[in-house]
Amino acid sequence: MTDKGERGNEKSNSIAVRGMQFAYDGQSPLFYDFNLDVPPGSRCLLVGANGSGKTTLLKILAGKHMVGGRDVVRVLNRSAFHDTQLVCGGDLAYLGGSWSKTVGCAGEVPLQGDFSAEHMIFGVEGTDPVRRDKLIELLEIDLQWRMHKVSDGQRRRVQICMGLLHPFKVLLLDEVTVDLDVVARLDLLEFFKEECEERGATIVYATHIFDGLETWATHLAYIQNGDLKKAEKLTDVHELKICANLLSVVESWLRTETKHEKMKPTMPPAQNQRTSPFGMSSRHMAYYR
């Protein structure tokens, strides 16, 4: 049971996850009794090995998968899945790794036909012209680019621009800078920092590229096989007080994780699976916005 103090703390967080369980159909739970708090105005790095659950977690936070009841996953104190106005109104934004090959507000529609960058960007309704022009300049977008002819990096710039046109309150990023060059990536990270410091926005950023993030991030969440191993302010991470290089710290965690996995005894599949309290994998629904 949650007491009054805990309820008040949940309301003060931009993201609050309580006792979350999630499984893909026919599989054992990826997340079991998962809890996470992300305070407003923070820039939280989400780190972990491939397959640890980072992308799934971001999609759950983005309201693309339903888990449990309405209070299990709260974003801005609203149900991430059930409150569709969160996404439709622009308060909650998600930019995923598939954006380099796709277009559209949800990043799910295949790119087809001959579109210009101008057509794509100016086709987003209800945007602030000042913000739009700032993003076009920041990302060095040529409005005459033809989207079926440009590089992945150029296409990515246009699609990031489209996703940021509405001023978000919570932004979920899944490896969106992977196709950008060094200058574009650093400029974009600086823009995100300004959004948090000047507007109080909250960002959760999953990435394997750690250059420059020691001074950019405020918080860190480390996931291992669906378990939250660490969630704290970056300044409180003990290893970073000894080694200021974030890449080296995360590398040591992942190498230790790999070593432990290799040392585990081989068990029959039925014994090696986590199950729900109901004796079966939890069911889920996907809702793509």
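Two strands count as paired if DSSP finds at least two bridges between them. Keep that rule in mind as we walk through this structure, which is a predicted model.

## An open sheet and its edges

Let's put the rule to work right away. Strand 5, covering residues 73-75, pairs with strand 6 in the antiparallel sense, and two bridges hold that pairing. One bridge partnership to look for is V75 with R78 of strand 6. In general, strands of a sheet pair through backbone hydrogen bonds, and they can be parallel or antiparallel.

Both strands belong to an open sheet of four strands, ordered 2-1-5-6, with antiparallel pairing. Which strands stand at the edges? They are strand 2 (31-38) and strand 6 (78-79), and each has a single partner strand, so one side of each has no neighbour in the sheet.

## Strands that run parallel

Now look at strands 3, 7, 10 and 11. Here the pairing runs in the parallel sense, and the table lists three pairs together with one bridge partnership from each.

| Strand pair | Bridges | One bridge partnership |
|---|---|---|
| Strand 7 and strand 10 | four | A93 with L171 |
| Strand 3 and strand 11 | four | C44 with V204 |
| Strand 10 and strand 11 | five | L172 with V204 |

You'll see V204 turn up twice: V204 is the bridge partner of C44, and V204 is also the bridge partner of L172.

Are the residues of strand 11 (202-206) buried or exposed? Five of its five residues are buried. T202, V204 and A206 point one way, while I203 and Y205 point the other way. Strand 7 (residues 92-95) can be read in a similar manner: L92 and Y94 point one way, A93 and L95 point the other, and all are buried.

## Helix 2 and what follows

Helix 2 spans residues 54-61 and is mostly covered, with six of its eight residues buried. Those buried residues are K54, T56, L57, L58, I60 and L61. After the helix comes G63, which has a positive phi near 80°.

I60 has another role to spot, since I60 is among the residues that line the largest cavity. How do you find a space like that in a model? Rolling a probe the size of a water molecule over the atoms shows where empty space is left. The count here is one cavity of 30 Å³ or more, and the largest cavity holds about 50 Å³ of space. Its lining also includes H65, M66, V67 and F81. Sorted by class, the lining has six nonpolar residues, four polar ones and no charged ones.

## Three residues to find

Start with P40, in the loop between strand 2 and strand 3 (43-47). Why does P40 count as partly exposed? Its relative accessibility is 47%, and partly exposed covers the range between under 20% for buried and over 50% for exposed. Leaving aside residues up to four places away in sequence, P40 touches S12, N13, S14, G200 and T202. T202 is a residue of strand 11 we've already met, one of those that are buried. P40 and K169 are 129 residues apart in sequence, yet their C-alpha atoms are 8.8 Å apart in space.

Next is R131 in helix 5 (residues 129-138). With a relative accessibility of 11%, R131 counts as buried. Its contacts, again not counting residues up to four places away in sequence, are L164, L165, H166, P167, F168, F191, E195 and R199. For L165, the C-alpha separation from R131 is 6.7 Å, with their positions 34 residues apart along the chain.

Finally, D236 sits in the loop between strand 13 (227-233) and helix 8 (238-242). D236 is partly exposed, at a relative accessible area of 42%. D236 and T218 are 18 residues apart in sequence, and their C-alpha atoms are 9.9 Å apart.

## The whole chain

Now step back. The protein chain has nine helices and 14 strands. Of its 289 residues, 46% count as buried. Among contacts between residues at least 6 apart in sequence, 69% join residues at least 24 apart; P40 touching G200 is one contact to check on screen. As for the outside, the chain exposes about 14,700 Å², and carbon and sulfur atoms supply 52% of that area.

Definitions and conventions. Residues numbered from 1 in each chain as written. Predicted model: local features only at pLDDT ≥ 70, side-chain atom pairs only at ≥ 80, totals over all residues. Heavy atoms only, no water. 1 Å grid on protein atoms, 1.4 Å probe; cavity = no way out; pocket = protein on both sides within 12 Å on 5 of 7 lines; lining within 4 Å. Points joined across faces, edges and corners; volume = space filled by probe spheres on them. Nonpolar A, V, L, I, M, F, W, Y, C, P; charged D, E, K, R; others polar. Buried < 20%, exposed > 50% of the residue type's maximum accessible area, 1.4 Å probe, protein only. Contact = heavy atoms within 4.5 Å. Areas by Shrake-Rupley, 256 points an atom, 1.4 Å probe, with all protein chains shown as cover.
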